[in-house]
Amino acid sequence: MNVAQASHLNAFLPVDPAGTPPPPGGSVEIAPGVRWLRMSLPVELNHINLWALDDGAGWTIIDSGIDHPDARSAWERLLRDDLGGRPVTRVIATHLHPDHAGLAGWLVERFDCRLWMARSEYLMAKAYAASTGEEPAFRDLFFRAGWQPHEIDALATRRRTVAGFYSPLPGSYRRLRDGDSLQIGGRRWSIIAGGGHSPEHLCLHCPELGLFISGDKVLPTISSNISVDPTEPDGDPLSEWFVTLARIRAAVPADVLVLPSHGGCFTGLHRRIDTLVAEQRLALIRLRAELAVPKRADEVFGTLFSRPIPRNNMPLMGLATGESLAMLNHLIATGDVVRSEGADGAWRYHSEGTASP
Ligand SMILES: [Zn+2]
Ligand SMILES: [Zn+2]
């Protein structure tokens, strides 16, 4: 889920060489042995793309959708009809978010197979699935960002709803890490892992097929949500995101077909990465200028996002606040902004007196 940022909405027109997306609950073959599945999501970002790779013995499934009755029945039909009743041999989750890992536990239990994930993603998925929204660190982060207690209560309710989007995760898993290489259906897929959107998000590249499964790391029409997590209130995930995108750009050729988790498949990976980075850099410049006057994290949305952020839309407010904090923490890390505590306990950010012009 992402908050549309101010400058990018018309900046990039994605090519969709793979044709029309499959309907929700449907699938289409986009390369030999590679099927593009789509599931609906009962949230504003209303769909997710999943991938089924023929691995000979059955299917390697990449991402799973959230645990919701509609998604389970869509899976039942897909497994029976589109995937020919052949077994799932492993489930790879690109990262911890419930639209990606929500039904992973259900699938691996049903097929008695292994969940493959990055370590920090697996552990954090377990924490998300167990979250009550009452964790002091969670409440403190939003209090510091200027939220009122009743607003934090509403977001805590939302967090419990999101925790319910996970089927029980398995007690063990198979670890994947950056640089790993997998044989799937006789073809090599290499893993590129990196932080930013989540701690250790996995992307998969198959040079032979010219495919790049980008997950939420590179999306065609919206920017990835880069948010500060309550467990790391002083973290700088935006730096990790810049580093990971540079590594992807260096490792993956420009002419791959990109298979993103949301939106249509597209070409122009390097151009898209360049656009995303340039937009973030511009947003940082605008934000620093705005902070000539001290402001809270919830007072800079107008500078960062093109759409209004209604104060009573808690999912959107949560995303916008997390993204604002990530931008602000990055400016602190680069020495462009200082943070102080106001009399009300909320953090204020101020660019006056810092080193940069
Ligand atoms: Zn995600
Ligand atoms: Zn996603």
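Me: In this predicted model, what stands opposite Leu 182 in strand 9?
Reply: Trp 189 stands opposite Leu 182.

Me: How do you know that strand 8 and strand 9 pair, and in which sense?
Reply: At least two bridges are needed for a pair. Strand 8 and strand 9 have four bridges, in the antiparallel sense, so they count as paired. Two residues lie between the strands of this hairpin, where Gly 185 takes a positive phi near 60°.

Me: What makes the side chains along strand 8 alternate?
Reply: In a regular strand, side chains alternate between the two faces of the sheet. In strand 8 (residues 181–184), Leu 182 and Ile 184 point to one face and are buried. Ser 181 and Gln 183 point to the other face and are not buried.

Me: Why is the site of the zinc ion (ligand 1) called irregular?
Reply: Its donors are His 95 (NE2), His 97 (ND1), His 197 (NE2) and Asp 216 (OD), at 2.1 to 2.2 Å. A tetrahedral site with four donors needs all angles between 85 and 135 degrees. The angles here run from 91 to 171°, so the tetrahedral label fails. The site is classed as irregular.

Me: Which atoms are the protein donors of the zinc ion (ligand 2)?
Reply: They are Asp 99 (OD), His 100 (NE2), Asp 216 (OD), Asp 216 (OD) and His 262 (NE2), lying 2.1 to 2.8 Å from the ion. The cut-off for a donor to this metal is within 2.8 Å. Asp 99 lies in helix 2 (residues 98–101) and Asp 216 in the loop between strand 11 and helix 7, so the pair ties together parts that are 117 residues apart in sequence.

Me: What bridges the zinc ion (ligand 2) and the zinc ion (ligand 1)?
Reply: Asp 216 coordinates both ions, which are 3.5 Å apart.

Me: Why is Asp 99 called buried or exposed?
Reply: Buried means under 20% relative accessible area. Asp 99 has 9% relative accessibility, so it counts as buried.

Me: How do you know whether Asp 216 is buried or exposed?
Reply: The value for Asp 216 is a relative accessible area of 2%, so Asp 216 is buried. His 197 is buried as well.

Me: What makes helix 7 roughly parallel or roughly antiparallel to helix 8?
Reply: The axes of helix 7 and helix 8 (residues 269–290) come within 10 Å and cross at roughly 160°. That makes the two helices roughly antiparallel, because the label applies to angles over 145 degrees. The crossing of helix 7 and helix 8 is left-handed.

Definitions and conventions
Residues are numbered from 1 along each chain as its sequence is written. Chains are lettered from A and ligands numbered from 1 in the order in which they are written. This is a predicted model: local features need pLDDT of at least 70, side-chain atom pairs count only at pLDDT 80 or more; totals for chains, interfaces and linings use all residues. Side-chain values use heavy atoms; hydrogens and water are left out. Donors are N, O and S atoms within 2.8 Å of the metal (3.2 Å for Na, K and Ca); water is not among the atoms, so sites may look incomplete. Four donors count as tetrahedral if all angles lie between 85 and 135 degrees; four count as square planar and six as octahedral if opposite donors are over 155 degrees apart and all others between 65 and 115; anything else is irregular. Buried means under 20% relative accessible area, exposed over 50%, partly exposed in between (1.4 Å probe, protein chains only). Axes are lines fitted to C-alpha atoms, for helices over the stretch in contact, and angles run from 0 to 180 degrees between N-to-C directions. Angles under 35 degrees count as roughly parallel, over 145 as roughly antiparallel, 65 to 115 as roughly perpendicular and the rest as oblique. A crossing is left-handed if the near helix is turned anticlockwise from the far one by less than a right angle, and right-handed if clockwise.
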